[in-house]
Amino acid sequence: MEEQLRSEIIRYIGSHSGNYLPDSINRYFDEPLVGFSSANDPLFSDYKTIIGQFHLLPCELLSGAVSIVSWILPISRAVCESNRKQKELPSREWALTRSNGENVNGELRRHLVSWFAEKGHGAVAPQYSPQWKEFSDTPVGIASCWSERHAAYVAGLGTFSLSDGFITSRGIAHRCGSVITSAALNPTPRISSTHNSNCLYYRDGSCGACIARCPVGAISRSGHDKFRCRELVYGTAPAALSELYGVPQTGCGLCQTKVPCEASTPPDRRVTGG
Ligand code: SF4
Ligand code: SF4
C-alpha cells in the first residue's frame, strides 16, 4: 500500500487545477515527498515530554491508530525566487502559496481520509479532528496538539533547523501535512544522524544565513523567537498585504528563501584532508 499511497499523493498534487499561481504555468508545489511512521513509534511518547502533555499521541486522535502518512509539498522555484528578492515582507507569490496553496494541502488531507475510508480503513487528519487545539502560551511557546513537522521527522523526511523550520531533501521551503490511519504501513527509516543535522549551524557551527534574512530579528544563534516571528507572520504582514494580495494569510518565509537550505539539504562546507 505504501507505493500506492505515494503515487496517489504525487498524482493528486500534480494534477490539481488549484496548484497553480493565478494566470501562470508555474505551480505552488513541486512533486511531494512522502514518508510513513508507526503510531507506536516511541518518539510520539517522547513528544509528551519534549513538546508538552498537550501534544497528542496518534491513538488519542484516532482510536485504533496504526500508522501515519506524512508528506512534504516543496514550494516551487518560481515562488521561492520571488521571495528571495524580498527584504521586509513576503512576495505576492509566497502569500498566495501560504493561502491558496495551503487550501490545496487541506484538500489533500481530506482526500486521503476518503481514500483510506474507501479501502475500509479509519483515518483522520489531525487538523480537522474535533480534538484539534492550538495553544498560545506553552513552555515551548505557541504550539498545537499535533505538529506536522514532528510527525514528518518520525517519518524520516528531514530534520529541524536553527530557524525552527524542517529541512528535507527538497529543502526548508515547503508546506507539510499528515493523516493518521488504522492501515498498516511500513515505517520509512530515519537516516539523519541527529534531529537537527540537516541544518549547517547544528552540523558544524557554520551558516546562520537565516539570521540575517529575518526582518524582525526573530532568529539568533540561540534559536527562534516564536512570539516575535508570529507578530510579523500573523500581524504586520497580513495587515500590510492581505488586501493588496487578496489573501487572508501571507506567511513570511524570508528565512526559508535565499538561504543554503532553501531547496535541498545543504552539503558539508568544511572539507578536510587533501
Ligand atoms: S540558513 Fe543555515 S543556519 Fe539557517 S536553517 Fe538553513 S542551514 Fe540552518
Ligand atoms: S518567518 Fe519571517 S519573521 Fe518568522 S523567523 Fe522567518 S523571516 Fe523571521
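**View 1. W71 and its bridge partner in the open sheet.** Start with W71, whose bridge partner in β8 is G177. Keep in mind throughout that this is a predicted model. The two strands here, β2 (residues 67-74) and β8 (residues 174-181), run antiparallel and pair over eight bridges. Zoom out a little and you get an open sheet of four strands, in the order β1-β2-β8-β3, with antiparallel pairing. The edges belong to β1 and β3 (123-124), each of which pairs on one side only.

**View 2. The largest nonpolar core, with V69 as a way in.** This core has 69 residues, and the ones touching the most other members are V69, W71, A152 and I180. Its largest share comes from α5, which puts in eight residues. Pick V69 and look around: skipping neighbours within four places in sequence, the contacts of V69 are L5, V34, F36, L112, S178, V179, T181 and L185.

**View 3. The buried face of helix α4.** Which residues of α4 (residues 77-84) are buried? They are V79, C80, S82 and N83. Looking down the axis of α4, these buried residues sit within an arc of 160 degrees, so they line one face of the helix. What do the buried residues of α4 pack against? Their packing partner is α5 (92-118).

**View 4. The shell around ligand 1.** There are 14 residues around ligand 1, and those coming nearest are S161, C199, C207, C210 and C261. Two helices, α7 (200-204) and α8 (209-213), each chip in at least two residues of this shell. By type, the shell splits into eleven nonpolar residues, three polar and no charged ones.

**View 5. S161, one of the residues nearest ligand 1.** S161 is among the residues that come nearest ligand 1, and you'll find S161 in the loop between β6 (158-160) and β7 (166-168). Is S161 buried or exposed? S161 counts as buried, because 26 C-beta neighbours fall inside 10 Å and the cut-off for buried is 20 or more. Leaving out residues up to four places away in sequence, S161 touches F166, I167, I172, N196, N198, C199 and C261. For a sense of distance, P32 is 129 residues from S161 along the chain, and their C-alpha atoms are separated by 20 Å.

**View 6. Positive phi at C207 and D164.** Most residues other than glycine have a negative phi. C207 has a positive one, near 70 degrees. This cysteine lies in the loop between α7 and α8, and C207 is partly exposed, with 19 C-beta neighbours inside 10 Å. The phi of D164 is positive too, near 75 degrees. D164 belongs to the loop between β6 and β7, and counts as partly exposed because 17 other C-beta atoms lie within 10 Å.

**View 7. G18, in the loop between α1 and β1.** The loop holding G18 runs between α1 (2-15) and β1 (33-38). Why does G18 count as exposed? Just 11 other C-beta atoms lie within 10 Å of G18, and 12 or fewer makes a residue exposed. Beyond its neighbours within four places in sequence, G18 is in contact with N100, N103 and V104. G18 and D164 are 146 residues apart in sequence and 28 Å apart in space, going C-alpha to C-alpha.

Technical notes: Residues numbered from 1 in each chain as written. Chains lettered and ligands numbered in written order. Predicted model: local features only at pLDDT ≥ 70, side-chain atom pairs only at ≥ 80, totals over all residues. Contact = placed C-beta atoms within 7 Å. Arc of directions from axis to C-beta. Core = buried A, V, L, I, M, F, W, Y, C linked by C-beta atoms within 7 Å. Near = placed C-beta within 6 Å. Nonpolar A, V, L, I, M, F, W, Y, C, P; charged D, E, K, R; others polar. Pairing = 2+ DSSP bridges.
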